[in-house]
Amino acid sequence: MKILVLNAGSSSMKYSLFGGDDSHQLTHGLVEHIGETPERDVAFALRQVEAELKSQGLIEHLGDCDAVGHRVVHGGEDFHQPVIVTEAVMDTIERLAELAPLHNPANLAPMRILAQKYPGLVQTAIFDTAFHQSMPAYVYHYAIPKPLYDDHLIRRYGFHGTSHQYIAKRAAALLDKPLNQLNILSMHLGNGASVCAIQYGKSMDTSMGFTPLEGLVMGTRCGDLDPSIPLYMMRHLNYSLDEVDHLLNKESGLLGLAGQNDMRALMALAEDGDEDASLALKIFVYRLIKVAGSYMATMDELDAIVFTGGIGEHAPDIRDRVIRDFSNAFGLKLDAVANTHAIGECCISQQDSHTPVWVIPTDEEKEIAQQTLLLL
């Protein structure tokens, strides 16, 4: 059994090949600079993937795979779980591109090429939004006129769902608890960041909303802000709609606050006395605690707090700041030694911490492979 996982973006394509009934990774790689020239299109990227896998003696061509699993950012309300790709599914993903114009077309392009070249090849679509379809209506509705939801599907969707779902499964195994009894906070911290309140193994609330712009302060995204600010910028500062969109998504967050969105560089600047960097870190941590704490206030039980993602897994100083800055009322106690030397899946809290704190590396590609295997 060979399952190829593709995570196609607007300018790059990540790929991983998994084998066996246990979905162990055989190889992985990245094709970059897609679209920079007419020749470096999605078809070119797929040929590069095929050539690399062939050079390693893993396949003769992409059609040799038992299945190809695709990450799709937005499934709207149409997809609550992974699906086998059909023409109808691809048409729906294309229709939903209006909700994710930067992502869904890029996710869809390799599907269509593979469907045409290898019509017998099984393809699956695994949606970032699917895990959050369990959110109740009072969580996903915005307080705006109802027709905007009824006619235009404007609501909170949430993202990073594949990561949060993987973390839920691993946490259940590590805590020796059935998934349907698991209650955790999953904090996916990277250039994009989100918190997910998982109750009884399902997403109850998450910080990202209609788009991945809502919620936490991120590398280049502003997160939550007064919605009148973009209006003010357009009315009084002569920003165009596209300029506002670009500023909030690409020029804000840590980059906008301190001129740097790489967390390691930002922390080095703060250590050297850079006031902007220090303030940016304080804002990043405070907003994370504020959102996570609000979720904890709604949960009757909490089995663990989990750090994951590039920052969550590799920045012990950030983990220390987050846990230390929580109110003492939460009773969280970090084990400084365990936190500093954390590698892989490990508990980093003291035994008498009110809630255990874990680091669990995420593996979205493996989750996609496993969900594809279940579909097969």
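Here are legends for six close-up views of this predicted model.

**View 1. Helix 6, a stretch with many buried residues.**
Helix 6 covers residues 161–174, so to speak 14 residues in a row. From its first C-alpha to its last it reaches 20 Å, close to the 20 Å expected at 1.5 Å a residue. Look for the buried residues Gly-161, Thr-162, Ser-163 and His-164 at the start of the list, then Tyr-166, Ile-167, Ala-168, Ala-171 and Ala-172. What covers them? Strands 6, 7, 8, 9 and 10 are part of the cover, and so is helix 15 (364–375). Just after helix 6 you come to Asp-176, whose phi is positive, at about 55°.

**View 2. The second largest pocket, with helix 6 in its lining.**
This pocket has a volume of about 410 Å³. It is lined by 22 residues, and the closest to its centre are His-80, Gln-81, Pro-82, Phe-131 and Gln-165. Which elements give two or more residues to the lining? They are strand 6, helix 6 and helix 15. Helix 6 gives the most, with five residues. As for chemistry, the lining splits into ten nonpolar, ten polar and two charged residues.

**View 3. An open sheet with the strand order 9-8-7-10-12-11.**
Six strands make up this sheet, and their pairing is mixed. If the word "pairing" is new to you: strands of a sheet pair through backbone hydrogen bonds, either parallel or antiparallel. At the edges sit strand 9 and strand 11 (346–347), each of which pairs on one side only. Strand 11 runs antiparallel to strand 12 (residues 357–359), and two bridges join them. To spot this pair, find Cys-347, whose bridge partner in strand 12 is Trp-358.

**View 4. The hairpin of strand 8 and strand 9.**
Now move to the strand 9 edge of that sheet. Strand 8 (193–199) and strand 9 (202–206) pair in the antiparallel sense over four bridges. One partnership to look for is Ile-198 with Ser-203 in strand 9. Two residues lie between the strands of the hairpin, and Tyr-200 in the turn has a positive phi of about 50°. Is strand 9, an edge strand, mostly covered or mostly uncovered? Strand 9 is mostly covered, with four of its five residues buried. Strand 9 also helps to cover the buried residues of helix 6.

**View 5. A second open sheet, in the order 3-2-1-4-6-5.**
Here again you can count six strands with mixed pairing. Strand 3 (24–32) and strand 5 (83–84) are the edge strands, each pairing on one side only. Strand 5 and strand 6 run antiparallel and are joined by two bridges. Within this pair, Val-83 stands opposite Ala-125 in strand 6. You have met strand 6 (123–127) before, among the elements that cover the buried residues of helix 6.

**View 6. The largest cavity, with about 30 Å³ of space.**
Rolling a probe the size of a water molecule over the atoms shows where empty space is left. How many cavities of 30 Å³ or more does a search of the whole structure find? The search finds one. Around the largest cavity are Arg-95, Leu-96, Glu-98, Leu-99, His-152 and Leu-153. This lining divides into three nonpolar residues, one polar and two charged.

Terms used:
Residues numbered from 1 in each chain as written. Predicted model: local features only at pLDDT ≥ 70, side-chain atom pairs only at ≥ 80, totals over all residues. Heavy atoms only, no water. Expected span 1.5 Å × (residues − 1). Buried < 20%, exposed > 50% of the residue type's maximum accessible area, 1.4 Å probe, protein only. Contact = heavy atoms within 4.5 Å. 1 Å grid on protein atoms, 1.4 Å probe; cavity = no way out; pocket = protein on both sides within 12 Å on 5 of 7 lines; lining within 4 Å. Points joined across faces, edges and corners; volume = space filled by probe spheres on them. Nonpolar A, V, L, I, M, F, W, Y, C, P; charged D, E, K, R; others polar. Pairing = 2+ DSSP bridges.
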